[in-house]
Amino acid sequence: MEEPHRPKLFNRGTMRGESTKSISEALRLARTREEQETLLGDEELADDDGCYPPRKNDDPRVPNPHSWLPIYTTIHKIRRLVIASIDDPYSLDQLRSPRMNVAVIRPLVDHMYDPDDVSIVYCLLVNRIQFLREQSYQAHHQTVNITRANVCELIASRVLRRFDEDHEGRPGLLKVANVLVAGFEPFQNAPLEVIRNNRAASHWTVRWNLARPEYQHMLTALEVAIVSEAKSFLTTSACQKIVENVYRGRIIYTPTSFIDILPDHYKNRGISLYDPRKAPLLNQYRLIVPRTRNIIEACQFILLLVLYVLMMVTKAHTIGPKHLKFTIYELTFVVYATGWNLDEIASILEHGWTVHTENLWSFLDIAFVVIFWSYFGVRMHGLAHMDADTSKLAIDILSLAMPVMLPRLAFCLMPENMLFISLRAMMADFTFLTVLAVWCFGGFLIAMRWLSEGQDGYIPHSVGTIAKWMLWIWFGLDGTGVQRSVEMHWFLGPTLMITFAFLGNTLFLTILVAMLSNTYTNLAQNATEEIQFRRAVLTFEGVKSDALFAYRPPFNVIALIVLLPLKWMLSPRWFHKVNITAVRILNAPILLLVCAYERQYLWKRSRYLSPPRKHTWLTMWERFGAHGDLQAVFDTEPPQSVVDEMDDIDDILSDGGWDNGYVSALRARRGSRTMSVGSGVFGRNMSRDPALRSISGIRRRNTRDEMAGPDVAEV
């Protein structure tokens, strides 16, 4: 019997008119992606700042390489395409279905994707924000606008993935980084009449030299994704790859900012890779790398906590003259805490309130700031008037910070713990529902107060007393309120109190438990998205532009007092020199440690370029197990002779579709062997007969008995 014609697998690349990559091409792409995580080669020289590609001249500021992109036109073009494509509501699962993918998503991706335009993702996410904003006030299009917002996020994820697939090696890493962290301005290259009607004068932060003029009104795609909470987009592998490289400091750039308290805008670095071998030993810019800064912030908070505990332990316990003077511990704590609070305020101004509150422990930091300044104000008032009672009150106010500081330490050390992520969301729901309940049940409190005023023979009960009784009933602690309610009115008092008990203790608490359970369930189901979203927030917020972040508390207070007046007296170049000199002197030990670590560990070695460690104690222990060979088989790459025996994979991955006649012919040739085709995917079961092996065209070693696909059924 004549051997049937072998069909070709269907591949999505045929729809785009692209040639499918062979197995050797796929291996080459895998190696280029591994190459992105290795140190720059000797042929790829970085400049004296450790930046690759090196700067072309000695100009301190790098011009915007994307100033030619028609951002305004692209934003409105995408909006019209999405509105025309989606006019019915769909769920996210429906949008990801094969039918919607072929009919809507993929054609839009093919039309929008341009390998030379890195602003597409930014424009898509801007449209997502607009659709989410419209769904809040357009009730008749509410669900449709949510669907359109999800479509924008889904297309942005696909476009970013294509950028990652089509651009290889280190230039590809820089290309994808430009897509995510390059700044874009919504009215860029808009018609003059549009700019004239919509653009006001320079922002006040630019006029007062508190922000970079070249970054006015600019935002990055990563920031827009965080603000719009595009968690599916931030979870994609391409986005997480850039987030991880920015977090570790492999990719460096000058971030956009809203307000810089201590601005130093003399230099503007473009998006580049960092080579620690070519960088100076004391590189002050490494202090604003997110990973380095997170470690420093954790150490700063631990020191703040230690000083706080020392102060509270050594405080005076009785009112007297000791409350009218500072102890050495209190003075040290106040000075250091002032610098820590200044750092927190600068963080809020750096990227705005919206981004800062997305941080996991931001509400704890803000609570400590409020408590500290309340203590400081009361304390200064007591010292000014020589009032020991007021000074004692200030210490009592500061004691309220301990319930905030201990959880803050746990949040800081375990930022990706799902318990803390869910706790933050549930606290927001609990606070909202509690405020709503107090508002609604306030009528019961006022009614019982008025009833208490009109009863002869009884002492009128204060609002505080009635509120205390209601609170006890609410949490099921005590029934005194029901017992004493007859003192307000023999009938109406018990009626109101019992009604409140049913509504508050039974109905409200049931709703509260159900609401919090639903919140936790939703977060647990999307645990990966939540964790990676918080990681992206932590990374984006960690890249700082303000020079104030280079000074450790309390030196940042001194820098603000000394350097800010110099900002108006010196030229930008000389102010930059004074600033970096002070930073390097004050942070010399930290910079030397960072430099030594990064030169050794910043870029990890690839398993293709250096052999893996085979003699670690963990690997040796695993070798004693019954399943040690399952991992050992993947420790080394197969030799070229084995790869040559896989040349038929190129045929399997070639373009084309399935022919059921081929399957029938093989069944006839094999007799008792049957082959099944399921779900549009072909599987085959190889026989031991060499003649049948020649039919399939797969060459194998004689030591192998079978090669089976995932969808093969042998009868």
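The paragraphs below lead from the whole protein to one helix, its surroundings, a small sheet and the internal cavities.

The structure is a predicted model. The protein contains 31 helices and seven strands. Of its 715 residues, 44% are buried. The contacts also say something about how the chain is arranged: among those between residues at least 6 apart in sequence, 78% join residues at least 24 apart.

Helix H21 offers a useful place to begin a closer reading. This helix covers residues 492-525. With 34 residues, H21 spans 48 Å from its first C-alpha to its last, which is close to the 50 Å expected at 1.5 Å a residue. H21 nevertheless has a kink of about 30 degrees, and the centre of that kink is phenylalanine 508. Phe508 is also one of the buried residues of the helix. The others in this buried set include Gly493, Pro494 and Met497, as well as Leu512, Leu516, Thr519 and Leu523. What do the buried residues of H21 pack against? Their partners are four helices: H18 (418-453), H19 (463-474), H20 (480-484) and H22 (527-542).

Two residues show this packing in detail. Threonine 519 belongs to H21. Its relative accessibility is 14%, and because buried means under 20%, threonine 519 counts as buried. Leaving out residues up to four places away in sequence, threonine 519 touches Ala425, Met426 and Asp429. Alanine 425 stands 94 residues from threonine 519 along the chain, yet the C-alpha atoms of the two are separated by 7.4 Å.

The second residue, serine 485, lies in the loop between H20 and H21. Is serine 485 buried or exposed? With a relative accessibility of 0%, serine 485 counts as buried. Apart from its neighbours within four places in sequence, serine 485 is in contact with Gly493, Pro494 and Met497. These three residues appear among the buried residues of H21.

Helix H13 provides another example. It comprises residues 290-313, and valine 306 lies within it. Valine 306 has a relative accessible area of 42%; because this value falls between the 20% limit for buried and the 50% limit for exposed, the residue is partly exposed. The C-alpha atoms of valine 306 and phenylalanine 333 are 9.1 Å apart, with their positions 27 residues apart along the chain.

The strands deserve attention as well. Strands of a sheet pair through backbone hydrogen bonds, in either a parallel or an antiparallel manner. In this protein, three strands form an open sheet in the order E1-E5-E4, and their pairing is antiparallel. Strand E1 (51-52) and strand E4 (251-252) are at the edges and have a single partner strand each, so one side of each lacks a neighbour in the sheet. Strand E5 consists of residues 272-274 and is joined to E1 by two bridges, the two strands running antiparallel. Within this arrangement, cysteine 51 stands opposite tyrosine 274 in E5.

Finally, the interior contains enclosed spaces. How many cavities of 30 Å³ or more are there? The count comes to eight. The largest cavity has a volume of about 280 Å³. It is lined by 21 residues, of which Asp264, Tyr285, Ile288, Ser545 and Ala547 are the closest to its centre.

Conventions. Residues are numbered from 1 along each chain as its sequence is written. This is a predicted model: local features need pLDDT of at least 70, side-chain atom pairs count only at pLDDT 80 or more; totals for chains, interfaces and linings use all residues. Side-chain values use heavy atoms; hydrogens and water are left out. Buried means under 20% relative accessible area, exposed over 50%, partly exposed in between (1.4 Å probe, protein chains only). Contact means heavy atoms within 4.5 Å. The expected span of a helix is 1.5 Å times one less than its number of residues. The bend at a residue is the angle between axes fitted to the seven residues ending there and the seven starting there. Two strands pair if DSSP finds at least two bridges between them. On a 1 Å grid over the protein atoms alone, a cavity is a set of points where a 1.4 Å probe fits but cannot get out, and a pocket is an open set with protein on both sides within 12 Å along at least five of seven lines; lining residues have an atom within 4 Å of a point. Grid points are joined across faces, edges and corners, and a volume is the space filled by probe spheres set on the points.
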